[in-house]
Amino acid sequence: MNPALFFEPDGYLLTGPKLMGRQVAGNGFLRAAVLGRMPGPLAAYTASRASADVFRDTVAQIDPAAETSWIPGPRLDLLAQAGIVYRPDQNLGPMARQRLRVGPAAYSLTGVTHTLATPWTLDALAKTLVDPLMAWDALVCTSQAARAVVEAVLDKQGAYQRWRTGQDVAVERPLLPVIPLGVHCGDFAFTADDRAAARARLGLAADEVAALFAGRLSVSGKTHPHAMFLGLQRAAQATGRKVVLVVAGQAATPGMDGLFRSGLTAFCPDVRPLFVDGADDAAYRSAWAGADLFISLADTIQETFGITPVEAMAAGLPAVVSDWNGYRDTVRDGIDGFRIATWAPPPGAGEAIARDFEAGALRYEQYLSRSNTAVAVDVAELTARLSDLIADEALRRRMGAAGRARAASDLDWSVVYRSYQALWAEQTAIRERARADPATARWLSQAPKHGADHAGPFDTFASYPTHHIGPETRVVAVAAITPNDYRRLVAHQLLALWPVNPDLADKVFVALQDGPLSVDELGRAAGLTLAQAAETAARLAKIDLVFLS
């Protein structure tokens with residue numbers, strides 16, 4: 001099936017000023033959705049017509065033959081026809097509350113984890129247990145580590161709710177399948193000529209071994225580079241080989257590239273540095289094509305999956321990575337590369353960091369830095385494994401080939417997207433079984449029609465007015481008014497915020513020609529529901545065209 005895609009450009013396009021992994025993942029997913037689509041249009045669900053136009057144009061760039069459609073924000077009935085709504089992040093709660101307006105079983109929601117360390121993300125995850133997410137919804141966890149984080153947050157929130165309410169209430173959780181992010185392997189299919197041209201462009205000599213670090217340059221949000229510098233320096237000394245560190249990416253903050261450069265000078269003096277601008281597509285592609293091995297020692301809690309090791313595998317580069325979060329799901333130690341052991345303080349040891357962050361004494365970047373500078377990478381093991389790869393071209397080729405085969409068979413977006421399609425079929429089957437079960441159907445029918453945070457303004461603030469307009473409220477025309485009089489009146493900019501549709505106003509004025517009517521009578525005469533008739537009468541009374549009593 002084709003899901004309806006919750007679409008805002010920031011979640012899928014690579015043109016923003018600050019490129020993040022979630023956008024790379026979103027762009028890859030969109031390409032997979034277009035290329036792997038089932039018959040029928042791909043629908044963008046967005047409140048903005050401008051965003052829908054961007055979606056249409058983006059899809060056309062991927063495949064001009066692909067048909068698209070737009071589901072405007074309020075049209076939840078069209079989401080029900082789609083059956084599945086995909087959102088490119090983990091913030092499913094607001095959409096689950098919105099779904100109450102058409103019923104909790106109207107369609108299924110699918111989200112996906114990215115960074116899990118931010119307070120707003122953790123808050124959204126905790127609310128999963130109180131938001132109306134159902135057994136036919138799913139939060140895709142991109143790694144086993146990500147799923148462990150989600151389950152830990154839900155367990156803690158469940159314990160809190162039991163303490164707060166004094167009741168042991170079992171809340172059904174959404175599905176938490178583990179589906180990795182993917183790469184389009186064809187983007188990293190380099191020929192021998194591509195490699196030769198790339199090395200010439202980068203100025204890499206035949207006897208130099210190029211280690212590639214690719215991605216965002218951030219010592220707190222991505223990786224602290226000190227261990228990488230030490231490992232490469234010591235491996236270069238141990239092997240006697242000429243080693244180049246190719247740093248390809250974009251600085252997360254001003255001056256970050258300078259920090260990397262000074263670190264290289266101080267801790268890695270025997271390794272030649274080569275910086276490649278990640279915003280230059282051709283140069284960035286050359287970095288991937290010309291490298292001999294890949295290195296990324298992620299040590300931050302902000303990293304959840306890590307797409308660059310998978311890109312390295314697709315490019316046929318052996319990957320040296322930290323044994324950390326999603327990296328251990330993708331790089332097979334001793335096969336596609338090496339995973340280097342990491343050490344961190346035990347659970348409970350970070351209470352002071354959490355306290356200071358919650359109190360505002362730490363900014364988010366400081367919170368991350370306080371955390372990741374307490375994560376150690378085994379530098380001795382790192383040095384040994386880098387030495388193995390730097391000294392042995394055959395080992396590099398063997399591991400690179402294994403990684404390329406693994407990426408093609410398991411981690412190409414065409415394969416990963418089929419896992420999503422299987423998940424959507426499972427979600428649909430669960431939802432249909434629930435609707436067919438009489439007991440569940442009765443329970444679903446008792447669901448509120450909206451969340452408490454988005455009740456109608458005349459419900460939440462019902463205590464404000466002197467009177468409420470009810471079915472017996474009498475509506476009296478203040479004076480005879482022609483359709484043209486009404487149109488001239490509401491054309492004034494001061495009255496532009498609340499005019500009643502002129503055609504509807506005509507019907508109301510015609511109905512009131514013979515005398516006052518109750519709101520109920522007026523609604524029947526104008527073909528309106530009671531709520532619509534009450535609102536219409538109030539808007540006309542607002543501009544002194546009718547009188548209410």
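The points below go through two sheets, the helices lying across them, and some aromatic contacts in this predicted model.

1. The strands β3-β2-β1-β4-β5-β6, in that order, make up an open sheet of 6 strands with parallel pairing. Because β3 (68-71) and β6 (138-140) stand at the edges and each has a single partner strand, one side of each is left without a neighbour in the sheet. On average, and with direction ignored, neighbouring strands of this sheet are turned by 25° against each other.

2. To see one of these pairings in detail, look at β2 (residues 42-45), which pairs with β3 in the parallel sense over 4 bridges; here Leu 42 stands opposite Thr 68 in β3. Helix α1 (residues 21-35) lies across β1 (4-6), β2 and β4 (84-86), and its direction is at about 165° to β1.

3. Another open sheet, also of 6 strands and with parallel pairing, has the order β9-β8-β7-β10-β11-β12. Which strands stand at its edges? They are β9 and β12 (337-340), and since each has a single partner strand, one side of each is left without a neighbour in the sheet. Neighbouring strands are turned by 20° against each other on average, direction ignored.

4. Within that sheet, β8 (residues 242-249) and β9 (residues 272-277) pair in the parallel sense over 6 bridges, and Val 244 has Arg 272 in β9 as its bridge partner. Together with helix α9 (residues 256-267), β8 and β9 make a right-handed β-α-β unit. Towards the other edge strand, β12, the strand β11 (residues 319-322) pairs with β12 in the parallel sense over 4 bridges, with Ser 322 opposite Ile 340. Helix α15 (residues 379-391) lies across β7 (208-214), β8, β10 (293-296), β11 and β12, running at about 170° to β12.

5. The whole structure contains 23 aromatic pairs. One of them is the edge-to-face pair of Phe 29 and Trp 413, with 6.0 Å centre to centre and 85° between the planes. This pair links distant parts of the chain, since Phe 29 is in helix α1 and Trp 413 is in helix α17 (residues 413-436), 384 residues apart. Are these two residues buried or exposed? Phe 29, with a relative accessible area of 1%, is buried, and Trp 413 counts as buried at 2%. Both belong to one aromatic cluster, formed by Phe 29, Tyr 86, Trp 413, Tyr 417, Tyr 420 and Trp 424.

6. Arginine side chains also meet aromatic rings: the charged end of Arg 99 sits over the ring of Tyr 107, 5.9 Å from its centre, while Arg 261 lies over the face of Phe 275, at 3.9 Å from the ring centre.

Note on methods
Residues are numbered from 1 along each chain as its sequence is written. This is a predicted model: local features need pLDDT of at least 70, side-chain atom pairs count only at pLDDT 80 or more; totals for chains, interfaces and linings use all residues. Side-chain values use heavy atoms; hydrogens and water are left out. Two strands pair if DSSP finds at least two bridges between them. Helices (H or I, at least four residues) and strands (E, at least two) are DSSP runs, numbered from the N terminus. Axes are lines fitted to C-alpha atoms, for helices over the stretch in contact, and angles run from 0 to 180 degrees between N-to-C directions. Contact means heavy atoms within 4.5 Å. A crossover is right-handed if, with the strands pointing away from the viewer, the path from the first strand over the helix to the second runs clockwise. Rings of Phe, Tyr and Trp (its six-membered ring) pair if their centres lie within 6.5 Å; planes under 30 degrees apart count as stacked, over 60 as edge-to-face and the rest as tilted. Buried means under 20% relative accessible area, exposed over 50%, partly exposed in between (1.4 Å probe, protein chains only). A charge sits over a ring if NZ of Lys or CZ of Arg is within 6 Å of the ring centre and within 35 degrees of the ring normal.
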